[in-house]
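Please look over the protein chain shown below before reading on. The report that follows takes up its overall make-up, its aromatic and charged pairs, its core and a few single residues.

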Amino acid sequence: ASVTINFPVQLLCSVGGTYTLQDNLTLLSSRSLSIFDGIFDANDHNVTGYGMFANSSRAHEIYMGSGTFTLQGTGIVWNSFTGFVIHAETSTIIISDTSATSKQLFTASGDVYYNITITGDNVTLGSSNNWSCNTLTLNNPGLTNGVQFNSSQTVTVASFVAEGTAGNLVKISSSSAGTAA
């Protein structure tokens, strides 16, 4: 049975501790998973919530496994600090909120992800740091704002997929008008 949590989650406040999921984790409403110290191992399970945050410069890691991390919030939905070690394995991050309210995936320099899928609208990928992923899929055709790339970063992608059709296009833009992203 999956686990559903409906309280503000501040996980991994244990220096040197390891938390390992034994089943899928669903955080209700505006609840986010925050990692302060230690290791979080998704153990190939799915995590669904408002967002995912690495909230300190102290030693902490995430093992994402083959799970799907569905981020349903607005504002900053993924925030990775320098020193946060990401073991992406074969995981997928999905940013899914389709409202016009902005969503941001902030990355630390050198972050490496496996799959990132955007089904939401008005999503900004990255910050001023360079990052990479195996597959980046934009599956948000026809939405008002689309996806924006930060103009001061380099994103390296092995496979880029934009899933739109004639008259129902995926919108891609730069954070700085007239500057390539």
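Among contacts in the protein chain between residues at least 6 apart in sequence, what percentage join residues at least 24 apart? The share is 44%, where contact means heavy atoms within 4.5 Å.

## Model and overall make-up

This is a predicted model, in which local features need pLDDT of at least 70 and side-chain atom pairs count only at pLDDT 80 or more, while totals for chains, interfaces and linings use all residues. Residues are numbered from 1 along each chain as its sequence is written, and side-chain values use heavy atoms, with hydrogens and water left out.

The pLDDT, which is the predictor's confidence in each residue on a scale from 0 to 100, has a mean of 86 over the protein chain, and 88% of the residues reach 70 or more. Among the elements of the chain, the lowest mean pLDDT, 59, belongs to strand β1 (residues 3-5), and the highest, 97, to strand β11 (residues 92-95).

The chain has 18 strands and 0 helices; these elements are DSSP runs numbered from the N terminus, with helices (H or I) needing at least four residues and strands (E) at least two. Of the 181 residues in the protein chain, 44% are buried, a class that means under 20% relative accessible area, with exposed meaning over 50% and partly exposed lying in between (1.4 Å probe, protein chains only).

## Aromatic cluster and core

Rings of Phe, Tyr and Trp (its six-membered ring) count as a pair if their centres lie within 6.5 Å, and the planes are called stacked when under 30 degrees apart, edge-to-face when over 60 and tilted for the rest. By this rule the count comes to 2 aromatic pairs. The rings of Trp78 and Tyr113 have centres 5.8 Å apart and planes at 80 degrees, so this pair is edge-to-face. The pair links distant parts of the chain, with Trp78 in strand β9 (residues 75-79) and Tyr113 in strand β13 (residues 112-118), 35 residues apart. Tyr113 also pairs with Trp131, the ring centres being 6.1 Å apart and the planes at 80 degrees, so that this pair too is edge-to-face. Here Tyr113 in strand β13 is joined to Trp131 in strand β15 (residues 131-138), 18 residues apart. Trp78, Tyr113 and Trp131 form one aromatic cluster. Both Trp78 and Tyr113 are buried, and Trp131 counts as buried at 2% relative accessibility.

Trp78 has a further role in the picture, as one of the residues that touch the most other members of the largest nonpolar core, together with Phe40, Ile62, Ile93, Ile116 and Leu125. A nonpolar core is a set of buried Ala, Val, Leu, Ile, Met, Phe, Trp, Tyr and Cys residues joined through side-chain atoms within 4.5 Å. This core has 34 residues, and its largest share, 4 residues, comes from β15.

## Charged and polar pairs

Side chains of opposite charge can pair when their charged atoms come close. The structure holds 1 salt bridge, defined as a side-chain nitrogen of Lys or Arg within 4 Å of a carboxyl oxygen of Asp or Glu. Asp97 and Lys103 form it, with their closest N and O atoms 3.2 Å apart. Asp97 counts as buried at 18% relative accessibility, and Lys103 is buried with a relative accessible area of 0%.

Ser174, placed in strand β18 (residues 172-174), is buried with a relative accessible area of 18%, and its side chain reaches the backbone nitrogen of Ser176 at 3.2 Å.

## Thr117 and two residues with positive phi

Thr117 lies in strand β13 and counts as buried at 16% relative accessibility. Leaving aside neighbours within four places in sequence, Thr117 is in contact with Thr92, Ile93, Ile94, Ile95 and Thr137. The C-alpha atoms of Thr117 and Asn139 are separated by 7.0 Å, although these residues are 22 apart along the chain.

Most residues other than glycine have a negative phi, and most peptide bonds are trans. The table sets out two residues with a positive value.

| Residue | Phi | Place | Relative accessible area |
|---|---|---|---|
| Glu89 | near 50 degrees | loop between β10 (84-87) and β11 | 40%, partly exposed |
| Asn122 | about 55 degrees | loop between β13 and β14 (123-125) | 21%, partly exposed |

How values were computed
Polar contact = N/O pair within 3.5 Å; in protein donor to acceptor, adjacent residues only side chain to side chain.
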